[in-house]
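Hi everyone, thanks for coming. I'd like to walk you through one model today, so please have the sequence and the 3D view open.

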Amino acid sequence: MLRKSSKLPAMGFITVLFLLLHSVGLCSGGATSQYVRKSEASIDMPLELFPPPSGYNAPEQVHITQGDHVGEGAIISWVTPLERHPNVVTYWEEGKINQKHKTHSITKSYRYYNYSSGFIHHATIKNLKCDTQYFYELGKHNAIRRFSFTTPPKVGPDVPYTFGIMGDLGQTYDSKATLDHYVSNPKGQAVLFLGDLSYADHYPFHDNTRWDSWGRFIEKSAAYQPWIWTAGNHELDFVPEIEEYTPFKPYMHRYHVPYRASQSTSPLWYSVKRASAYIIVLSSYSAYGKYTPQYTWLQQEFPKVNRAETPWLIVLVHSPWYNSNNHHFMEGESMRVMFEPWFVENKVDLVFAGHVHCYERSERISNVKYNITNGLSTPVKDPSAPVYLTIGDGGNSEGLADSFTYPQPSYSAYREASFGHATLEIKNRTHAYYAWHRNQDSNAVTADSIWFYNRYWYPNEESS
Ligand SMILES: [Fe+2]
């Protein structure tokens with residue numbers, strides 16, 4: 001009895017302290033989901049589940065991305081395993097099969113330690129009509145494969161368009177659930193991919209056959225709609241011990257992007273316009289200090305964004321700037337310090353990141369007031385700031401990041417350690433409906449959703 005009664009004042013003190021902290025806003029964070037997923041390990045699917053297509057030298061690992069700055073071009077990429085030829089894509093507009101066009105590819109191959117790639121083809125087709133279905137064929141004889149895609153509507157301020165968003169996908173059974181859920185949702189028109197693709201670097205000598213299997217894995221989506229690529233740390237493949245000194249070697253051979261169309265000097269950072277969105281892709285693993293190529297490019301990029309043409313300004317980067325998970329905590333901090341003032345000045349709407357294997361959505365906050373003496377180093381609500389979304393929950397073999405910091409910081413609106421993907425449905429220049437879909441057993445369950453208001457045209461406060 002004595003022991004019990006001595007605890008009561010202490011409990012009361014803790015309760016008062018908790019309420020006090022809440023009242024002064026020191027632990028006024030949002031929600032931490034209580035959903036607990038089944039805890040099996042995420043294991044890679046065996047290679048047998050990624051069979052190559054049938055037929056001699058059949059084209060495989062087919063994927064497309066935007067091929068110019070405005071969406072009137074497409075880069076079509078594929079691999080022929082045995083012979084360089086045919087190195088051509090044949091394509092035609094829906095209903096015009098008698099008016100076929102041909103474009104030859106740029107063909108590459110590379111060695112990585114004891115691995116030799118197949119012939120990797122990239123064909124850029126241009127001057128496509130807007131909002132039009134195209135068919136394309138690759139291969140010859142008994143190994144012809146046909147695919148299709150639809151070009152985006154002409155760029156304009158009120159053009160509706162829906163993006164899917166995935167990151168850190170890998171090739172486990174959980175990765176398959178994520179991709180299958182995305183593919184089964186008919187709304188997605190293009191994917192914003194947030195980096196960390198194949199996780200081949202988890203294998204001895206970064207076994208690049210896992211880059212091939214990943215290319216086969218994503219084909220069911222990536223051959224039919226563009227995936228807009230961001231590079232992550234698992235694309236670095238920098239291993240001096242096995243004399244692999246060229247960072248991003250497999251990634252840059254396999255995944256081409258239209259970086260020159262936005263005057264970038266590197267495929268690791270670039271921009272595209274698509275429908276009513278202006279999408280800027282940054283590289284967390286390339287230099288971004290003052291005067292570096294990436295810094296200079298981004299500085300020159302913001303003045304080019306015309307919100308009367310593309311109201312939605314979206315940035316993709318691998319390492320998040322606001323992350324309240326213990327995993328990778330503050331890894332994005334130095335890039336935030338360099339670039340966040342520009343993001344606030346230019347009213348960026350949304351910043352998507354991956355890297356942390358969980359889901360998190362921030363409040364609209366900034367942290368740009370700090371100098372040595374004023375002590376203002378806490379994120380504050382800021383209507384000109386972006387919302388930061390971490391979607392590093394594709395399902396790779398490293399598993400979930402399920403250790404959050406407590407108390408939940410005030411900048412964090414919602415967080416959950418589950419696998420899943422997101423969708424962003426832009427409706428017009430003012431409104432976009434965003435949803436994050438958790439992999440819940442065999443279903444995709446919408447676990448977080450919000451109407452985002454455009455920062456330039458309708459900078460009101462959102463509520464989820
Ligand atoms: Fe990562």
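**A tucked-away aspartate**

Let's start with aspartate 196, which is buried, with a relative accessible area of just 1%. Keep in mind that we're looking at a predicted model. So why do we call this residue buried? Because the cut-off for buried is under 20% relative accessible area, and aspartate 196 has 1%.

Where does aspartate 196 sit along the chain? Find the loop between strand 13 and helix 3, and you have it. Its backbone is worth a look too: phi is positive, about 65 degrees, even though this residue is not a glycine. For background, most residues other than glycine have a negative phi.

There's a second case for you to find. Lysine 347 isn't a glycine either, and its phi is also positive, at about 50 degrees. You'll see lysine 347 in the loop between helix 6 and strand 18. Is lysine 347 buried or partly exposed? It's partly exposed, with a relative accessible area of 30%.

**The iron ion**

Back to aspartate 196, since it has another role in this model. Which residues are the protein donors of the iron ion? They are Asp196, Asn233, His318 and His355, and they lie 2.1 to 2.2 Å from the ion. If you want the atoms, zoom in on OD of Asp196, OD1 of Asn233, NE2 of His318 and ND1 of His355.

Now the geometry. The angles among the 4 donor atoms run from 89 to 166 degrees, and the site is irregular. Why not tetrahedral? Because that label needs all angles to lie between 85 and 135 degrees, and here they go up to 166.

Along the sequence, the donor residues follow the spacing D-x36-N-x84-H-x36-H. Aspartate 196 and histidine 318 link distant parts of the chain, as they are 122 residues apart. Histidine 318 is in the loop between strand 17 and helix 6. Like aspartate 196, histidine 318 is buried.

**Two cis bonds**

Next, some peptide bonds. As a rule, most peptide bonds are trans. In this model, though, histidine 85 and proline 86 are joined by a cis bond, with omega about 5 degrees. Proline 86 belongs to the loop between strand 3 and strand 4. Another cis bond runs from tyrosine 406 to proline 407, and there omega is near -5 degrees. For proline 407, look in the loop between strand 22 and strand 23.

**A sheet**

Now rotate to the open sheet made of 6 strands, in the order 14-13-12-24-25-26, with mixed pairing. Strand 14 and strand 26 are the edges, so to speak: each one pairs on one side only. Strand 25 and strand 26 run antiparallel to each other over 10 bridges. Glutamine 440, for instance, has asparagine 443 of strand 26 as its bridge partner.

**Empty space**

Last stop. How many cavities of 30 Å³ or more does the structure hold? There are 3. The largest has a volume of about 60 Å³. It is lined by 13 residues, and Gly73, Ala74, Phe149, Pro226 and Arg274 are the closest to its centre. Strand 2 gives the most to this lining, with 3 residues. By class, the lining has 6 nonpolar, 6 polar and 1 charged.

The second largest cavity holds about 60 Å³ of space. Its lining residues include Trp78, Trp211 and Arg254. Strand 2, strand 3 and helix 3 each give two or more residues to that lining.

Definitions and conventions. Residues are numbered from 1 along each chain as its sequence is written. This is a predicted model: local features need pLDDT of at least 70, side-chain atom pairs count only at pLDDT 80 or more; totals for chains, interfaces and linings use all residues. Side-chain values use heavy atoms; hydrogens and water are left out. Two strands pair if DSSP finds at least two bridges between them. Helices (H or I, at least four residues) and strands (E, at least two) are DSSP runs, numbered from the N terminus. Donors are N, O and S atoms within 2.8 Å of the metal (3.2 Å for Na, K and Ca); water is not among the atoms, so sites may look incomplete. Four donors count as tetrahedral if all angles lie between 85 and 135 degrees; four count as square planar and six as octahedral if opposite donors are over 155 degrees apart and all others between 65 and 115; anything else is irregular. Buried means under 20% relative accessible area, exposed over 50%, partly exposed in between (1.4 Å probe, protein chains only). On a 1 Å grid over the protein atoms alone, a cavity is a set of points where a 1.4 Å probe fits but cannot get out, and a pocket is an open set with protein on both sides within 12 Å along at least five of seven lines; lining residues have an atom within 4 Å of a point. Grid points are joined across faces, edges and corners, and a volume is the space filled by probe spheres set on the points. Ala, Val, Leu, Ile, Met, Phe, Trp, Tyr, Cys and Pro count as nonpolar, Asp, Glu, Lys and Arg as charged, and the others, Gly among them, as polar.
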